[in-house]
Amino acid sequence: MRILVVNTGSSSVKLRVLDSSETLLARHDLAPTDGGSLHDAMAAALSELPAADVVGHRVVHGGAEFRHPVVVNDSVLARLERLAPLAPLHQPAALAGIVATTGAAPHLPAVACFDTAFHATLPAAATTYAVPESWRRDHGLRRYGFHGLSHAYATRRVAELLGQDPGRLVVAHLGAGASLAAVRDGRCRDTTMGFTPDEGLVMATRTGSVDPGMLLWLLQEEKLDLDELADGLHRRGGLQALAGSPDMRTVLREADAGRDRAQRAVEVYLHRLRAGIAAMAASLGGLDTLVFTGGVGEHQPTIRAGAVRDMAFLGPAVDATANASAQADQEITAAGAACRTFVVSSREDLQIAHGVRRLLAAGNQ
Ligand SMILES: Nc1ncnc2c1ncn2[C@@H]1O[C@H](COP(=O)(O)OP(=O)(O)O)[C@@H](O)[C@H]1O
Ligand SMILES: CC(=O)OP(=O)(O)O
Ligand SMILES: [Mg+2]
């Protein structure tokens with residue numbers, strides 16, 4: 001069975017065709033666009049890619065309802081559309097991708113695989129906001145967590161690389177969006193993203209966590225309107241806000257060249273990242289294995305080194321040579337470090353293919 005995987009992120013739409021032995025047959029990347037142009041771009045891409053038997057889509061938000069991959073029909077699509085305001089940079093584009101592939105190839109079943117699903121095992125202490133009970137009851141406010149396809153894949157892959165259970169594991173998915181997951185026995189115990197993919201770490205164009213009182217003040221006293229607020233939090237925040245570029249490659253190049261604002265951006269990014277890693281370790285009672293994944297996690301030795309700087313008290317330390325030259329799926333642990341550290345290529349496509357196969361195999365029994 002050949003699977004076409006559609007991974008709609010905030011900065012790219014990645015198309016991959018995988019055969020039944022998980023070999024990558026073809027790849028094609030699109031910029032995320034909406035509506036008609038996505039439909040045309042997808043139709044053009046599908047006509048060039050090898051034919052597939054099923055399409056697996058990354059859908060960022062499955063809410064409380066979707067905890068496993070599901071075949072998309074009109075009713076599922078309508079329920080997923082209701083979650084769109086909870087992930088405005090992702091959900092509309094992912095659903096437009098489903099409509100586009102179904103339009104271009106109506107005979108192909110579409111399976112949705114969810115970022116939130118891996119976090120379904122979070123304990124109540126990690127999912128609950130200390131907001132009024134009526135808000136939780138009437139509006140369903142709770143923490144969900146995202147990047148679950150990547151966290152789940154990294155969890156499987158690092159166990160293979162270690163040849164044993166990774167113990168108390170923290171996965172750092174650092175891409176355009178960024179989040180951490182605390183994992184034990186293959187189950188997620190804590191994460192940095194929340195009700196939406198806005199919470200937690202500093203990201204490419206998202207602010208990550210900010211003081212809610214500051215937002216109230218901006219609305220009440222500075223008369224910012226909602227569109228300006230959303231734009232600042234989603235598109236003009238993060239590295240974009242601090243360094244003038246959302247791309248960590250550019251930011252690091254400018255920091256190397258001595259530009260103050262780029263150096264400060266990196267320090268702000270790392271400050272939040274180190275605090276997050278320590279918080280995840282606290283939820284696990286310690287740290288045995290640390291994994292870096294996502295575009296930044298996989299390709300930026302400076303960020304990996306900075307993330308574990310002065311963290312020996314917690315276990316991790318990286319070998320400078322191994323870190324500088326690390327390729328996908330390699331260990332970078334410093335000699336004598338109590339925590340083993342790995343770089344793992346983010347293969348959300350393989351995790352989606354895995355979910356699609358399991359769903360179809362269960363359906364055929
Ligand atoms: N080859 C690379 N070298 C350095 N950084 C990279 C590389 N590829 C991607 N990145 C960084 O990763 C970010 C995108 O991460 P990625 O995980 O691909 O994004 P997405 O969230 O869209 O899936 C880019 O903004 C860039 O900063
Ligand atoms: C959930 C999320 O932020 O995804 P991405 O990093 O692909 O934007
Ligand atoms: Mg991504």
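Me: Which element gives the most residues to the shell around ligand 1?

Reply: In this predicted model, helix H12 gives the most to that shell, with four residues. Reading a ligand shell begins with the list of residues around the molecule and then turns to the elements that carry them. Here 18 residues surround ligand 1, and the closest are Gly9, Gly175, Ala176, Gly295 and His299. Two elements give two or more residues each to this shell, namely helix H10 (248–256) and helix H12 (294–299).

Me: Where does ligand 1 lie with respect to domain 1 (3–114) and domain 2 (148–343)?

Reply: To place a ligand, one asks which domains its shell draws upon. Ligand 1 lies between the two domains, because domain 1 (3–114) and domain 2 (148–343) both give residues to its shell. As for the character of that shell, its residues divide into five nonpolar, eleven polar and two charged.

Me: Which residues surround ligand 2, and how do they divide into nonpolar, polar and charged?

Reply: The same reading applies here. Ligand 2 is surrounded by Gly9, Ser10, Val60, His90, Asp115, Phe146, His147, Gly175, Ala176, Gly177 and Pro197, and this shell divides into four nonpolar residues, six polar ones and one charged. Domain 1 (3–114) and domain 2 (148–343) each supply at least three residues to the shell around ligand 2.

Me: Turning to the sheets, what is the order of the strands in the open sheet that contains E1?

Reply: A sheet is read from one edge to the other, with attention to the sense of each pairing. This one has six strands in the order E3-E2-E1-E4-E6-E5, and the pairing is mixed. Strand E3 (24–30) and strand E5 (70–71) stand at the edges with a single partner strand each, so one side of each is left without a neighbour in the sheet. At the E3 edge, strand E2 (residues 13–18) pairs with E3 in the antiparallel sense over six bridges, and Leu15 has His28 in E3 as its bridge partner.

Me: Which strands are at the edges of the open sheet that contains E7?

Reply: The strand order shows where to look. This open sheet of six strands runs E9-E8-E7-E10-E12-E11, again with mixed pairing, and its edge strands are strand E9 (187–191) and strand E11 (330–331), each of which pairs on one side only. E11 is joined to strand E12 (residues 340–343) by two bridges in the antiparallel sense, with Glu331 opposite Phe342 in E12.

Me: Is E7 enclosed or open to its surroundings, and how does E7 pair with E8 and with E10?

Reply: For a strand, one examines burial on each face and then the partners on either side. Six of the six residues of E7 are buried, so E7 is largely enclosed by the rest of the structure. Leu169, Val171 and His173 are buried on one side of E7, and Val170, Ala172 and Leu174 are buried on the other. E7 runs antiparallel to E8, to which six bridges join it, and Ala172 stands opposite Leu180 in E8; these two strands form a hairpin with three residues between them. With E10, by contrast, E7 runs parallel over five bridges, and His173 stands opposite Thr293 in E10.

Me: Which helices lie across E7?

Reply: A helix packed on a sheet is described by the strands that it crosses and by an angle to one of them. Helix H6 (residues 148–162) lies across E7, E8, E9, E10, E11 and E12, running at about 125 degrees to E7. Helix H11 (residues 260–284) lies across E7, E8 and E9, and runs at about 20 degrees to E8.

Conventions:
Residues are numbered from 1 along each chain as its sequence is written. Chains are lettered from A and ligands numbered from 1 in the order in which they are written. This is a predicted model: local features need pLDDT of at least 70, side-chain atom pairs count only at pLDDT 80 or more; totals for chains, interfaces and linings use all residues. A residue is near a molecule or strand if its C-beta atom, placed from the backbone, lies within 6 Å of it. Ala, Val, Leu, Ile, Met, Phe, Trp, Tyr, Cys and Pro count as nonpolar, Asp, Glu, Lys and Arg as charged, and the others, Gly among them, as polar. Domain bounds come from an automatic or database domain assignment. Two strands pair if DSSP finds at least two bridges between them. Two residues are in contact if their C-beta atoms, placed from the backbone, lie within 7 Å. Axes are lines fitted to C-alpha atoms, for helices over the stretch in contact, and angles run from 0 to 180 degrees between N-to-C directions. A residue is buried if 20 or more other C-beta atoms lie within 10 Å of its own, exposed if 12 or fewer, and partly exposed in between; C-beta atoms are placed from the backbone.
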